[in-house]
Amino acid sequence: MKPLEDKPLKQYVRSIPDFPKPGIIFRDITTLIEDGPAFRRTIDEMAAAAKDLGPIDKIVAPEARGFIFGAPLAAALGVGLVLVRKPGKLPGPTESISYQLEYGEDTLQIHRGSILPNDRVLIVDDLLATGGTIAAVRRLVESLGATALGAQFVIELPALAGRARLEGLGIFSVMSFDGE
């Protein structure tokens, strides 16, 4: 048996069938982040991939699970972290973007002044599925004059074609799973 630290990171993700509804296999990252060495290896892989993008000024992470990976990655790279939240969650003046969901609309916000013109940013989230949230974050970042260099994810679900919505961004995923 391989030493624990050699176990593939994908094996730390628990798959829960029929959650949140029948036919869906939920990829649960809590088992990954509960294991210190596995969590550190995940961040190390993301940091190594980020260096290929050149200088980065900020990590931009949507709530809530993007914060889990964005914060230690920002610390590892020595850059700031910009939080993307739903309306009413940030105390100061905000910049906003609305985007379409499958059945409706949602809005994302960041603090005004958190992203500056010419900032070079990396967007970080736990999961790439359809790409809708990250596409909206990208539009928000670029509307403020910054450059979105890339997007990083712990898990990618290629069957949901999220990459197609993020054309032109450098995409890095630690792991991918078949299905939805």
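## Rings that pair up

Two rings from Phe, Tyr or Trp form a pair if their centres lie within 6.5 Å, and planes over 60 degrees apart make the pair edge-to-face. Keep that in mind as you look at this structure, which is a predicted model. By this rule, the count comes to two aromatic pairs. In one of them, the rings of F19 and F26 have centres 5.2 Å apart and planes at 85°, so this pair is edge-to-face. How covered are these two residues? F19 is partly exposed, with a relative accessible area of 43%, and F26 also counts as partly exposed, at 24%.

The other pair is made by F39 and F69, and it is edge-to-face too: the distance is 5.7 Å centre to centre, with 90° between the planes. This pair links distant parts of the chain, since F39 belongs to helix α2 (residues 36–50) and F69 to helix α3 (residues 65–77), 30 residues apart. Is F69 buried or exposed? F69 is buried, with a relative accessible area of 0%. Its partner F39 counts as partly exposed at 21% relative accessibility, because buried means under 20%.

## The overall picture

Now step back to the whole chain. The protein has five helices and nine strands. If you follow the sequence from start to end, they come in the pattern β-β-α-α-β-α-β-β-β-β-α-β-α-β.

What about size? The C-alpha atoms fill a box of roughly 50 × 40 × 30 Å, taken along the principal axes. A compact globule of 180 residues would have a radius of gyration near 16 Å, and the protein has 16 Å, so the two agree. Contacts tell you about the fold as well: among those between residues at least 6 apart in sequence, 58% join residues at least 24 apart.

## Inside and outside

Of the 180 residues in the protein, 43% are buried. The accessible surface comes to about 9,200 Å², and 53% of that belongs to carbon and sulfur atoms.

Charges are worth a look too. The protein carries 20 positive and 23 negative side chains. The centres of these two sets lie 1 Å apart.

## Two buried residues in helices

Find T42 in helix α2, the helix that also holds F39. T42 counts as buried, at 0% relative accessibility. Which residues does T42 touch, leaving aside its neighbours within four places in sequence? They are L9, L32, F69, V154 and V174. You have already met one of them: F69 is the ring that pairs with F39.

Next, move along to R138 in helix α4 (residues 132–143). Is R138 buried or exposed? R138 has a relative accessible area of 16%, so it is buried, because the cut-off for buried is under 20%. Not counting residues up to four places away in sequence, R138 touches I123, A148, L166, E167, G168 and L169. For a sense of scale, try finding G36 as well: R138 and G36 are 102 residues apart in sequence, and their C-alpha atoms are 30 Å apart in space.

## Special spots in the backbone

Some places in the backbone deserve a closer look. A cis peptide bond joins F19 and P20, with omega at about 5°. P20 sits in the loop between β1 (14–17) and β2 (25–28), while F19 is the residue whose ring pairs with F26. Another cis peptide bond joins E63 and A64, where omega is about -10°. You can find A64 in the loop between β3 (58–62) and α3.

Phi angles give you two further places to visit. D18 is not a glycine, yet its phi is positive, near 60°. D18 is in the loop between β1 and β2, where P20 is also found. N118 is not a glycine either, and it has a positive phi of about 75°. Look for N118 in the loop between β6 (104–111) and β7 (120–128). With 63% relative accessibility, N118 counts as exposed.

Key. Residues numbered from 1 in each chain as written. Predicted model: local features only at pLDDT ≥ 70, side-chain atom pairs only at ≥ 80, totals over all residues. Heavy atoms only, no water. Helix = DSSP H or I, 4+ residues; strand = E, 2+ residues; numbered from the N terminus. Rg over C-alpha atoms; globule rule 2.2 N^0.38 Å. Buried < 20%, exposed > 50% of the residue type's maximum accessible area, 1.4 Å probe, protein only. Contact = heavy atoms within 4.5 Å. Areas by Shrake-Rupley, 256 points an atom, 1.4 Å probe, with all protein chains shown as cover. Lys, Arg positive; Asp, Glu negative; His and termini not counted. Charge placed at Lys NZ, Arg CZ, Asp CG, Glu CD. Phe/Tyr/Trp six-rings, centres within 6.5 Å; stacked < 30°, edge-to-face > 60°.
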